[in-house]
Amino acid sequence: MLGEGILLKFNNTILQSILRLGHGFLDLLYPQDCLTCGCMIPDDGELRHLCPSCFLEVELFRSPCCYLCGIPYQGMVSGPRACPNCLELKPSYNEGKTVFHLHGPMRALIHSLKYEKGTFALVDLVAVVLMSPGLQEYLTGATLVPVPLHPWRHLQRSYNQSELLARMLSRLVPGTRVENLLRRVRWTGSQTRLSRQQRRENLRDAFALRKETTIDPHNRYVVLDDVFTTGATLNACALVLRDAGAVNLDMVALGHG
Ligand SMILES: [Zn+2]
Ligand SMILES: [Zn+2]
């Protein structure tokens, strides 16, 4: 847990700065050029770092979709239906939503936030979440539980991107709050090259409940991450919460892919 208290304080400072500084000052730091095509972004654009034509490439997920991971289905579907990946995963959460396919401009925003210390991307990512049909209602009143980073990864990145997303969302969605209930107790390395089965094995016992935290079975908990790939990470987190007594337990992630 080396330095975690300091890091969390630092995270809050970043977030408060983003919200307090407003458009003008951020634009000095990050000129209004589109992150993916480099063109100038008009003042009335939907997003701050993607131009209107790049934003047109963004497909927000709409129903019908898998009730466990949010991936959309083609055509008409009657009743809740799970995709083959989720049927195999058998998640510990009751339902889940994702917001967009992880490709193109949205991938670039996530990549900036995650690997290039691009906290400027938060504003657009949260804006897209709030534009997603039904997402705001889905989050309303929930306790958001960010997927934690290993302390060393946290130190390296200087913030947990999922926590920053959760904190910004909690300021904008009524009745929502953030609780850091989980900690990563085992270094799992990068999972990008692992198969579904290997990811699951790799994540076994990787998370635990933080000390001196309690689960209120009356609360609705929503585990939140920036990306859903196979669901193994989110499910490993949900399993810890379920074992600790969470009953009303769901999942949300931004990018699917
Ligand atoms: Zn563009
Ligand atoms: Zn699914």
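## A buried leucine in helix 9

At 3% relative accessibility, Leu-203 counts as buried, because buried means under 20% relative accessible area. This value, like the others here, comes from a predicted model. Leu-203 belongs to helix 9. Between Leu-203 and Arg-184 there are 9.8 Å from C-alpha to C-alpha, while along the sequence they are 19 residues apart.

Arg-196 is also part of helix 9, which covers residues 196–203. With a relative accessible area of 37%, Arg-196 is partly exposed. Leaving aside residues up to four places away in sequence, Arg-196 touches Asn-85, Glu-88 and Thr-230. Take Glu-88 from that list: it is 108 residues from Arg-196 along the chain, yet the two C-alpha atoms are separated by 9.8 Å.

## The chain as a whole

Let's step back for a moment. The protein chain has 10 helices and 7 strands. Of its 257 residues, 51% are buried. If you take the contacts between residues at least 6 apart in sequence, 71% of them join residues at least 24 apart.

As for the surface, the protein chain exposes about 12400 Å², and carbon and sulfur atoms supply 54% of that area. One nonpolar surface patch, of about 350 Å², is made by Trp-152, Leu-155 and Trp-187. Within this patch, Trp-152 counts as exposed, at 53% relative accessibility. Trp-152 is found in helix 7, residues 151–157.

## Salt bridges

Side chains of opposite charge can pair when their charged atoms come close. How many salt bridges does a search of the whole structure find? The count is 4, and three of the pairs are described here.

The side chains of Asp-226 and Lys-114 meet at 3.1 Å, N to O. Asp-226 lies in strand 6 (residues 220–228) and Lys-114 in helix 4, so this salt bridge ties together parts that are 112 residues apart in sequence. Both Asp-226 and Lys-114 are buried. A second pair, Asp-250 and Arg-220, has its salt bridge at 2.7 Å, N to O. Here too distant parts of the chain are linked: Asp-250 is in strand 7 (residues 248–256) and Arg-220 in strand 6, 30 residues apart. Asp-250 and Arg-220 are both buried.

The pair formed by Arg-167 and Glu-163 sits within one helix. In this salt bridge the closest N and O atoms are 2.9 Å apart. Both residues lie in helix 8 (residues 161–172), 4 residues apart, about one turn of the helix. Is each partner buried or partly exposed? Arg-167 is partly exposed, with a relative accessible area of 22%, whereas Glu-163 is buried, with a relative accessible area of 2%.

## Charges over Tyr-138

Which residues place a charge over the ring of Tyr-138? One is Lys-97, whose charged end sits over the ring, 5.3 Å from its centre. Another is Arg-220, which lies over the face of Tyr-138 at 4.7 Å from the ring centre. You have met Arg-220 already, as the salt-bridge partner of Asp-250.

Pairs between aromatic rings are another matter: the count comes to 0 aromatic pairs.

## Backbone features to look at

Most residues other than glycine have a negative phi, and most peptide bonds are trans. A few spots in this model are worth viewing with that in mind. Ser-63 and Pro-64 are joined by a cis peptide bond, with omega about 5°. Pro-64 is in the loop between helix 2 (52–55) and helix 3 (84–89).

Two lysines have positive phi values. For Lys-90, phi is near 45°; this residue is in the loop between helix 3 and strand 1 (95–101). Lys-90 is exposed, with a relative accessible area of 64%. For Lys-117, phi is about 55°, and its place is the loop between helix 4 (104–115) and helix 5 (121–131). Lys-117 counts as partly exposed, at 45% relative accessibility.

Note on methods:
Residues are numbered from 1 along each chain as its sequence is written. Chains are lettered from A and ligands numbered from 1 in the order in which they are written. This is a predicted model: local features need pLDDT of at least 70, side-chain atom pairs count only at pLDDT 80 or more; totals for chains, interfaces and linings use all residues. Side-chain values use heavy atoms; hydrogens and water are left out. Buried means under 20% relative accessible area, exposed over 50%, partly exposed in between (1.4 Å probe, protein chains only). Contact means heavy atoms within 4.5 Å. Patches are made of residues with over 30% relative accessible area and no salt bridge: like charges are joined within 9 Å, nonpolar side chains (Val, Leu, Ile, Met, Phe, Trp, Tyr) within 5 Å. Accessible areas come from the Shrake-Rupley method with a 1.4 Å probe; for residues, only the protein chains shown count as cover. Rings of Phe, Tyr and Trp (its six-membered ring) pair if their centres lie within 6.5 Å; planes under 30 degrees apart count as stacked, over 60 as edge-to-face and the rest as tilted. A charge sits over a ring if NZ of Lys or CZ of Arg is within 6 Å of the ring centre and within 35 degrees of the ring normal.
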